[in-house]
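Dear colleague,

I am passing on a structure to you with this email, and I would ask you to look at it before you read on. My notes come after it.

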Amino acid sequence: MTTNNQEAYETIDWILDNADMGFFIVTAPAHMQRKIAELYKIPKISVYDFLRKPEPYSCSDLGFWAESRKDAGAFFVLNMQEALRDESDMLSFNMSRDVLAKKKKIWLFFMTKDLERRLSTFAYDFYSFVRLKAHF
């Protein structure tokens, strides 16, 4: 683990130990996202992976999934780069912010650095709602 990765793991640890709800972004290469989630495999965390369900982003699908995991305190949503392929997907993600916030959970959205850059310029409303970022 490099120093930057160590800092990123410490940021995730801090989020899970101290946050009660909110949106967080984790940037990591696609091959590393699943490995990171595996390190945090505890009952409190539920993992949704867009590589396993390769469809465009849907707030209702993600919301139904979250509702079926009421005991989870945190959600890891992996491979957002697979779900947010174009501007309409990013607009849908941007517009879903308030719906997901009502769930009052910790949401960690995992994505590649390229998607994070595009999201910060296109979905600025959602991006401004993000509390912390962890970069791998």
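Below is what was found, arranged by topic. Please keep in mind throughout that this is a predicted model.

**Two helices with a buried face**

A good place to begin is helix H2, which covers residues 30-39 and whose buried residues are Met-32, Gln-33, Ile-36 and Ala-37. If you look down the axis of H2, these buried residues fall within an arc of 140°, and therefore they line one face of the helix. On the other side of H2 you will find His-31 and Lys-35, which are exposed.

Helix H5, made of residues 87-95, can be read in a similar manner, with Asp-89, Met-90, Phe-93 and Asn-94 as buried residues. Around the axis they cover an arc of only 140°, so they sit on the same side of H5.

**Charges on the surface**

Which residues gather in a patch of negative charge on the surface? They are Glu-7, Glu-10, Asp-13 and Asp-17. Of Asp-17 it can be added that its place is in helix H1, residues 3-18, and that it is exposed, with a relative accessible area of 65%.

**Salt bridges**

The count of salt bridges comes to nine, where a side-chain nitrogen of Lys or Arg has to be within 4 Å of a carboxyl oxygen of Asp or Glu. One of the pairs is Glu-38 with Lys-41, whose closest N and O atoms are 3.9 Å apart, a value that is within the 4 Å cut-off. Glu-38 is partly exposed at a relative accessible area of 38%, whereas Lys-41, at 64%, is exposed. Both residues also belong to a network of salt bridges, in which Arg-34, Glu-38, Lys-41 and Asp-49 are linked.

Glu-67 deserves some patience, since two salt bridges involve this residue, and I take them in turn. In one of them, the side chains of Glu-67 and Lys-70 meet at 2.7 Å, N to O; here Glu-67 counts as partly exposed, at 37% relative accessibility, while Lys-70 counts as exposed, at 59%. In the other, Glu-67 is paired with Lys-103, and the closest N and O atoms are 3.2 Å apart. Because Glu-67 lies in helix H3 (residues 59-67) and Lys-103 in the loop between helix H6 (97-101) and strand E4 (106-111), this pair ties together parts that are 36 residues apart in sequence. Lys-103 itself counts as partly exposed, at 22% relative accessibility.

**Residues separated in sequence**

The loop between H6 and E4 is also the place of Lys-102, which is exposed, with a relative accessible area of 70%. How many residues apart in sequence are Lys-102 and Met-21? They are 81 residues apart in sequence, and yet in space the separation is 9.8 Å, taken from C-alpha to C-alpha.

A further pair of this kind starts from Arg-85, which is found in the loop between helix H4 (80-83) and H5 and is partly exposed, with a relative accessible area of 43%. Along the chain, Arg-85 and Leu-115 are 30 residues apart, while their C-alpha atoms are separated by 8.9 Å.

With kind regards

Definitions and conventions. Residues numbered from 1 in each chain as written. Predicted model: local features only at pLDDT ≥ 70, side-chain atom pairs only at ≥ 80, totals over all residues. Heavy atoms only, no water. Buried < 20%, exposed > 50% of the residue type's maximum accessible area, 1.4 Å probe, protein only. Helix = DSSP H or I, 4+ residues; strand = E, 2+ residues; numbered from the N terminus. Arc of directions from axis to C-beta. Patch = residues over 30% accessible without salt bridge, like charges linked within 9 Å, V, L, I, M, F, W, Y side chains within 5 Å. Areas by Shrake-Rupley, 256 points an atom, 1.4 Å probe, with all protein chains shown as cover. Lys, Arg positive; Asp, Glu negative; His and termini not counted. Charge placed at Lys NZ, Arg CZ, Asp CG, Glu CD.
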